[in-house]
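Please open the model in your viewer and keep the selection panel at hand, since this tour moves from one empty space to another.

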Amino acid sequence: MKILVVGSGGREHALAWKIAQSEIVDEVFCAPGNPGMDEIGPCFEVDPTDLHKMQELVLQISPDLIVIGPEAPLAAGLSDALRARGFDVFGPSEKAAQLESSKGFSKDLMKRFDIPTAAYGRFTDLTEALDFLETMTPPYVIKADGLAAGKGVVICDDLEEAENEVEAMMTGKFGDASTEIVIEEFMEGEEASIFVLTDGDGAIYLPPAQDHKRVGDGDKGLNTGGMGSYAPAPVVDARMMELVQTLIVEPLLSGMADEDMPYQGVLYVGIMVTASGPKVVEFNARFGDPECQVLMAGLPGDIVPALLTCATGGLVHGHREIAEMMGVNAFQPSACVVMATEGYPESYPKGSIIEGVADANAVDGVTVFHAGTDRDSDRKLIAVGGRVLGVTAVGSDLKEAVSRAYAGVEKVDWPQGFNRKDIAWRALK
């Protein structure tokens, strides 16, 4: 088989790395890829949201399966365009991907399907939004409706701060993504991420994961795209997973199928574990980043049959066998420490040289996934993003996985980088 992985981040590097291990895969292509993915197979400099050029590329290489990593090409309709060409695609349609591309759409869907979530209002008028704030109690949760690179959610502790944030969003803070906003009640509890592989009918549940959104230790500071992750997350026990399945995933998949937008691909269910059970914080239409890194590292088996079956259908009849191929029940505890450029998530410099990645990869159990790297004219590895490397490790238990990941971080020679020192602190405390 030939498989094309679409994207260029740490999530896509992890997917390409895992896919390349399959005995049924002959070649892995990436578009546009990154230096880490370039070591796995050919990379093509094509913008994933350019539907015309992506179709040209796919017709050129004729892959047996296309795996779309990021949310932007899904929201742009890439999966629809490629399916119309007769290709098998792992990733939801543009219509189904509105679960992530429009938070208002997602909240309305949950309301229709009676899925537990926070009370909310959605607004395009600033005055109406400010009036709604006055009916609520702090903290206030304010979300840009559209895609904002994982940074479109702000929690405000007082009314004045919330009013300023609402005005900033609705006057262009996140561009078109925040011309409409959603205001939600604050939910008390602990967040976790559930990932479900589905063909729209059957479903395979991967081990629960947690990421660390805040930039600083102790979950302090600004929100980021994620500073680290680990799996499995003990806050989601077997009973909680059963509730997620019956109260959230099954009603969602059934309802979307009934409304002529069946969901195929990976469904990311961000939940709040509350005293009254799981409530949905958000849905995403792709793997989380950096949660994907720990899931791919921790699964001991072959993920390709699952990806292919989700793309082509029939999962409900063979999901146990496919789950066994993946090794879901033999999952190895895993942890990922994100190394980011100093200044992130605000402005940061680009072009600093990174050394020692090979040494980090040589640490037992460690794999370094590239997220924001490139090569300079001398072929030296450089940082070109905010989140740059995902140093990921497996272990016999979570403590060992975390220890190995930090041992890998110590091998990376990058003075301009930084990382959190407390990944998985909730699970290990």
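Which helix gives the most to the lining of the second largest pocket? Bear in mind as you look that this is a predicted model. Select helix H10, residues 238-258, and you have the answer, for H10 gives the most to that lining, with seven residues. Add strand E10 (203-205) and helix H13 (315-326) to the selection, as each of these also supplies at least two residues of the lining.

Next, show the side chains of Ala203, Ile204, Tyr205, Gln245 and His319. About 490 Å³ of space lies in the second largest pocket, and of the 23 residues that line this pocket, those five are the closest to its centre. If you colour the lining by residue class, you should find 13 nonpolar, six polar and four charged residues.

Now leave the pocket and turn to the enclosed space. The count comes to one cavity of 30 Å³ or more, and about 90 Å³ of space lies in the largest cavity. To find the largest cavity, select helix H6 (98-101), helix H7 (103-112) and strand E16 (277-284), each of which supplies at least two residues of its lining.

Then display the lining residues themselves: Leu99, Glu100, Lys103, Ser106, Lys107, Met110, Lys143, Glu184, Val281, Glu282, Phe283 and Asn284. Coloured by class, the lining of the largest cavity has four nonpolar, two polar and six charged residues, whereas the lining of the second largest pocket, where the tour began, has 13 nonpolar, six polar and four charged residues.

Technical notes:
Residues numbered from 1 in each chain as written. Predicted model: local features only at pLDDT ≥ 70, side-chain atom pairs only at ≥ 80, totals over all residues. Heavy atoms only, no water. 1 Å grid on protein atoms, 1.4 Å probe; cavity = no way out; pocket = protein on both sides within 12 Å on 5 of 7 lines; lining within 4 Å. Points joined across faces, edges and corners; volume = space filled by probe spheres on them. Helix = DSSP H or I, 4+ residues; strand = E, 2+ residues; numbered from the N terminus. Nonpolar A, V, L, I, M, F, W, Y, C, P; charged D, E, K, R; others polar.
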